[in-house]
Amino acid sequence: MGRFTLKCLKCGSEYGQTYKLTCDNDNALLRADYVEKHLELRAQPGVGRFHSWLPVQEELRTEAGPITYRSEALAKELGLSNLYIGFSGYWPEKGALIKTCTFKELEAHPTMQLLKESGGKAIVLASAGNTGRAFAHVSALTGTDVYVVVPDSGMPKMWLPEEPTASVHLIRMAPGNDYTDAINLAGRLANLPGMVSEGGARNVARRDGMGTVMLDAAVTIGRMPDHYFQAVGSGTGGISVWEASLRLREDGRFGTKLPKLQLAQNLPFAPMYRAWEAGRREIIPDIDMKNAKEQIEETYASVLTNRAPPYPVIGGLYDALSDTDGIMYGITKEEALEAKKLFEDLEGIDILPPSAVGVASLLKAVEAGKVGKADCILLNVAGGGVERLKEDLTPIPIPSVATARNPEVPLEDLIEGIEE
Ligand SMILES: *Cc1c(COP(=O)(O)O)cnc(C)c1O
Ligand SMILES: [Zn+2]
């Protein structure tokens with residue numbers, strides 16, 4: 001009995017339950033259409049609770065999952081009466097047990113499960129650091145081969161809460177290459193026989209895994225929030241919660257109004273912020289990310305620096321913002337650092353730089369009156385608890401198996417490195 005079909009958002013073509021990233025006819029996103037129209041929570045400790053709307057057959061048993069709690073201290077500071085925090089990271093006192101400390105692990109578990117159920121053997125992905133860590137962790141748990149391409153700036157983020165296994169193949173890119181160079185090299189590796197691309201926003205399991213942040217909030221609060229805050233680099237998280245909200249609306253028990261997406265990028269590198277402000281579906285590199293490489297080097301939250309985000313694509317972030325009457329913010333490093341300190345002092349948990357950018361955007365929104373004081377607000381703290389984790393265990397660095405000078409290096413060089 002099928003659990004879902006994949007539907008093209010442009011031409012309506014339907015595909016079966018398989019690992020598929022693109023429609024055969026066009027370039028639009030595919031979306032999972034689930035047989036279950038009502039969210040029926042499963043008795044699993046983590047993300048597997050939301051099995052109804054995850055594109056896998058077997059229920060996920062991992063304890064890693066999103067948590068939602070009502071803020072007291074930060075809410076009071078901001079004068080908000082209904083501020084909820086969605087926390088993806090490590091904070092056992094709150095039941096948050098994501099040991100790689102970001103919401104990327106919410107996508108890694110269903111993606112690797114779908115890969116396995118579709119007969120795939122190895123997955124390739126590019127990462128600014130956090131996605132790679134999440135997939136390496138699931139690889140270490142399951143033994144499925146993962147090839148991760150990471151720019152040099154992402155290397156400090158490549159650690160595991162356990163001993164790395166031989167199934168984790170980490171390819172480092174030499175300094176001077178950024179996240180988008182890593183994406184280009186990973187794209188070439190994915191064309192090799194036996195390899196499957198993780199696919200970023202095109203990966204339905206990624207989106208529906210990340211969408212569980214919204215599902216968890218809705219079942220905790222009892223309704224969809226009025227506003228959703230998150231810092232974005234690719235915008236996949238924004239697309240994901242929008243899609244989750246569409247399903248919750250169809251379910252009928254969580255309200256009919258879609259949460260307003262209020263998303264932030266970190267200045268100076270903020271192509272989606274600039275394109276959205278200009279009212280454009282297209283990102284124009286000469287206007288929206290002039291001197292991209294220098295801008296990226298100056299950007300504090302480096303995981304937010306994607307030069308080719310799924311913003312214009314049908315079903316992508318432009319559509320998500322349009323459908324929810326969304327807002328985007330440009331946040332400076334100083335604003336992020338101030339917000340980080342405020343959040344950590346008041347809520348009592350350390351957060352990652354992109355989450356600080358998200359908190360800063362909430363502060364801005366409150367100041368600018370973009371939220372009402374009594375509105376129901378969900379702030380997605382998509383990464384945190386690394387310092388808290390270090391109280392309980394010692395992160396182990398993942399060794400790289402090869403270094404790529406640039407995205408065009410002969411793959412034999414890397415494969416030799418891999419096979420050594
Ligand atoms: C990846 C990441 C983001 C950005 O997510 P997208 O929705 O894919 O742009 C934000 N915060 C953290 C902690 C992340 O790891
Ligand atoms: Zn199509």
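Me: Before we get to the sheet, what makes two strands count as a pair?
Reply: Two strands pair if DSSP finds at least two bridges between them. Keep in mind that we're looking at a predicted model.

Me: Thanks! So what order do the strands take in the open sheet?
Reply: The order is E2-E1-E3, giving an open sheet of three strands with antiparallel pairing. E2 and E3 are its edge strands, each pairing on one side only.

Me: How many bridges join E1 to E3?
Reply: Five, and the two strands run antiparallel. If you want to find one of the contacts, look for Thr5, whose bridge partner in E3 is Asp33.

Me: Switching to the metal now. Which residues hold the zinc ion (ligand 2)?
Reply: Its protein donors come from Cys8, Cys11 and Cys23, each through SG, and from Asp26, which is listed twice through OD. These donors lie 2.1 to 2.8 Å from the zinc ion. Along the sequence, the donor residues follow the spacing C-x2-C-x11-C-x2-D.

Me: And where do Cys8 and Cys23 sit in the chain?
Reply: Cys8 belongs to strand E1 (residues 4–8), while Cys23 is in the loop between strand E2 (14–15) and strand E3 (30–34). They are 15 residues apart, and the pair links distant parts of the chain.

Me: Are those two buried or exposed?
Reply: Cys8 and Cys23 are both buried.

Me: OK, zooming out: how is the chain divided into domains?
Reply: Domain 1 covers 67–101 + 206–389, and domain 2 covers 103–202 + 395–419. Taken over C-alpha atoms, their centres are 25 Å apart.

Me: What does the contact between domain 1 and domain 2 look like in numbers?
Reply: On the domain 1 side 30 residues are in contact with 27 residues of domain 2. About 2,300 Å² is buried between the two domains, with carbon and sulfur atoms giving 58% of that area. Thr100, Arg206 and Val303 supply 31% of what domain 1 buries against domain 2, more than any other three residues.

Me: How many salt bridges does the rule find across that interface?
Reply: Five salt bridges cross the interface of domain 1 and domain 2. As for a single salt bridge to look up in the model, the side chains of Asp181 and Lys293 meet in one at 2.6 Å, N to O.

Me: Last topic: why is helix H6 described as largely enclosed?
Reply: Helix H6 (residues 212–221) is largely enclosed by the rest of the structure because eight of its 10 residues are buried. Among them are Val213, Met214, Leu215 and Ile221.

Me: What follows H6?
Reply: Gly222 comes next, with a positive phi near 95°.

Key
Residues numbered from 1 in each chain as written. Chains lettered and ligands numbered in written order. Predicted model: local features only at pLDDT ≥ 70, side-chain atom pairs only at ≥ 80, totals over all residues. Heavy atoms only, no water. Donors = N, O, S within 2.8 Å, 3.2 Å for Na, K, Ca; no water. Helix = DSSP H or I, 4+ residues; strand = E, 2+ residues; numbered from the N terminus. Buried < 20%, exposed > 50% of the residue type's maximum accessible area, 1.4 Å probe, protein only. Domains from an automatic or database assignment. Contact = heavy atoms within 4.5 Å. Buried area = accessible area lost by both parts, 1.4 Å probe. Salt bridge = Lys/Arg side-chain N within 4 Å of Asp/Glu carboxyl O.
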